[in-house]
Amino acid sequence: MKTIPGPLVSLAGIGKVYGGEVPTRALRGISFTVNAGEFVAIVGSSGCGKTTLLNLLGLLDRATEGTLHLAGRNVTDLDAREAGQVRRDLLGFIFQFHYLLPEFDALENALMPCRLAGGDRAKEREPAMRALFARLGLGTKIHKRPSQLSGGEQQRVAILRALANDPLFILADEPTGNLDSRNAAEISSLLRDVTRETHRAVIMVTHDQEMAMKADRVITLRDGRIESDRPTGRLPEAG
Amino acid sequence: MSAPFALSVALRQMTHNRGQTLLTVGVVATSVTLILFISSLIMGLQIRIVSTVTDSIPHVRILPQERAPEVPWDNATAGDATVRVGVVPKLEQRQRKIEGWQPWLDRIEALDIPGLNALLPSVEGGVVVSRESKRISARLVGAAPEDYNRIVDLQQNLVAGRFFGLNGGEAVIGLKLATDLGVRLGERVSFLSAEGNTGTATIAGIFDTGFGAVDGFTVVVPLRDGQSLFQLGNAITGFGLKLRDVFTAEQVAGDLRRQLPFKIESWMADNERALGGLRAQSQSSRMIVAFTVISSGLAIAALMVISVSSKYRELGILKAMGASNGQVLSIFAWQGTLLSLIGAGLGTLASLALLFWLSSLKTVSLTTGRATDLFPIAITVGNFLIGNGLAVATGLLASIYPASRAAKVDPIEVIRGQ
């Protein structure tokens, strides 16, 4: 587990304007920090800038204003190759749909970020991943293809994939959007547990208020600005 | 570092999507089979045509210079405006010949002509061959049998009698000529040359080369007998050269023209029309191969574009997880290369089986009973290397467009669900 002094994520005055004939401002003056062990939910109505913010945090897009630091490194203006390396080494992604590769079994899918990193990374991480599979009740599903898993199991494999490369923080985009309420509750508990036990940070974008209340802190966006940033009362345990 | 990841993904996708893999491999294999079949068949056909033309003749001929007649106006002075009326006087009708040819033979041998297989001093001329009441025009060649055999293989094609060790007063003739004359082994025939000289010979051998021009019109006698019939004394009418590569004939002829005071003729200059036909055939073959390669490439590209489209989301997620453009591009470059290699291998096996089967088919001549290949197939390593090289290069090139499309997948669009 990598440890970084100071906040894992730090945004200062982040803004995003999409070009075109009529420039559209998606975000303005976004500033907040996220520490290790924090589970942060970003909520807001449709079009408030949640996904844009997630894309900026995931280095999939570039801010037009402000600075972004991840793990103490200024990553505001990285080129595509450097951004890819940072995503691979520091970030884990969970999407609304699992997008597991149908040709690979569950364990191979979970270890995909390690395979991308090359070398023996996948081999090194395999025992830890097997243990996590067992812990999530997927011990017997390790060699099942995605099509042989249920929706909840597929999303759990996607969460394991986000954890595979031992990232410092995890970005989750509506991770329970495609799940029934039982599976959604399980996944949100799992994310909270992961945050606390592994001292990672999780930033989750959701429109589901109930899901957001499982986080330690909720940031509400409105028209591209932070409307509120308040704890839910579930304080993270000391790392 | 991207090869192991990209290769493993490419292999897994190929084994997972068996239908598409089989289709792509099938396209490549069919193309390779077609390319190899067409090129082997056309090359075989060309070899047959060229050998039909060149096997029964010397590739280069060294002949006495033709003497140009002198005409009165050649000596006209400048400003002489006199109109002259007259005819070009004819040269004295006499056989052109090379006297004292032995030193010339030594000199030609000393030239070290590249790829020279045989050098034959001979006499040649038109004769009328007669047997009882039958008379047929033919070409009589006087040469040492062992030397002549290196120009036209009569010994292997004898159907009766002998050729090597031919004695004075003996001749070998083609089967068709013998049949037309009604002459058999041991019987005598008479010759009448254009100059009015006569001679006779006993038939010592009958050959059947399969070349109509040779079998129907050729008589071969010892050099001495030919010289005697044409009253050449010790002279010959020319040298014949056989080359290892028939297509070097014009170049060799050009070199000899610069070095010898003789008229030099090559089979290529004499058969310009046939060569033009061969060139057109080669161009057609190349065009067929080009169109096959293009259509195969397009088919591979189309199938891989479908593959990229069906993997759009997964590729976007891989990129979101940190896969580089190079890694994503390599997945499809590997697929294109592997599919082409497998297709080329299968196509090679299929075409070999087809070509060996076709080359085993024979046709038998109704007149001579001679069995020849129904399809003139030329199986060469070069053709196979070119065919396979083209297929693999096409597969790789065809994968570039879909691979670059894959590399350009924007993870943001995937995440937005676009």
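In chain B, three residues of helix α10(B), namely B:Ile300, B:Met304 and B:Val308, meet B:Phe332, B:Gln335, B:Gly336 and B:Leu339 of α12(B). Contact here means C-beta atoms, placed from the backbone, within 7 Å, and helices (H or I, at least four residues) and strands (E, at least two) are DSSP runs numbered from the N terminus. By class, this contact has five nonpolar, two polar and no charged residues; Ala, Val, Leu, Ile, Met, Phe, Trp, Tyr, Cys and Pro count as nonpolar, Asp, Glu, Lys and Arg as charged, and the others, Gly among them, as polar.

A quick word on the model: it is predicted, with local features needing pLDDT of at least 70 and side-chain atom pairs counting only at pLDDT 80 or more, while totals for chains, interfaces and linings use all residues. Residues are numbered from 1 along each chain as its sequence is written, and chains are lettered from A and ligands numbered from 1 in the order in which they are written.

Back to the helix pair. The axes of α10(B) (residues 272-310) and α12(B) come within 11 Å and cross at roughly 140°; axes are lines fitted to C-alpha atoms over the stretch in contact, with angles from 0 to 180 degrees between N-to-C directions. That makes α10(B) oblique to α12(B), as the angle is neither under 35, over 145, nor 65 to 115 degrees.

Now the cores, meaning sets of buried Ala, Val, Leu, Ile, Met, Phe, Trp, Tyr and Cys residues joined through C-beta atoms within 7 Å. Buried means 20 or more other C-beta atoms within 10 Å of a residue's own.

| Core | Size | Residues include |
|---|---|---|
| Largest | 124 residues | A:Ile42, A:Phe169, A:Val202, A:Ile203, B:Ala406 |
| Second, separate | 52 residues | B:Ala143, B:Leu229, B:Phe230, B:Leu241 |

The five residues named for the largest core are those with the most contacts inside it. Helix α12 (residues 325-360) of chain B gives the most to this core, with ten residues. As for A:Ile203, leaving out residues up to four places away in sequence, it touches A:Val34, A:Val40, A:Ile42, A:Leu57, A:Phe169 and A:Leu171.

Where the chains meet, 23 residues of chain A are in contact with 19 residues of chain B. On the chain A side, α1 (50-57), α2 (80-90) and α4 (112-117) each supply at least two residues, and α2(A) has the largest share, five residues. That side divides into ten nonpolar, six polar and seven charged residues.

Chain A itself has eight helices and ten strands, and buried residues make up 50% of its 239 residues.

Notes. A residue is buried if 20 or more other C-beta atoms lie within 10 Å of its own, exposed if 12 or fewer, and partly exposed in between; C-beta atoms are placed from the backbone. Two residues are in contact if their C-beta atoms, placed from the backbone, lie within 7 Å.
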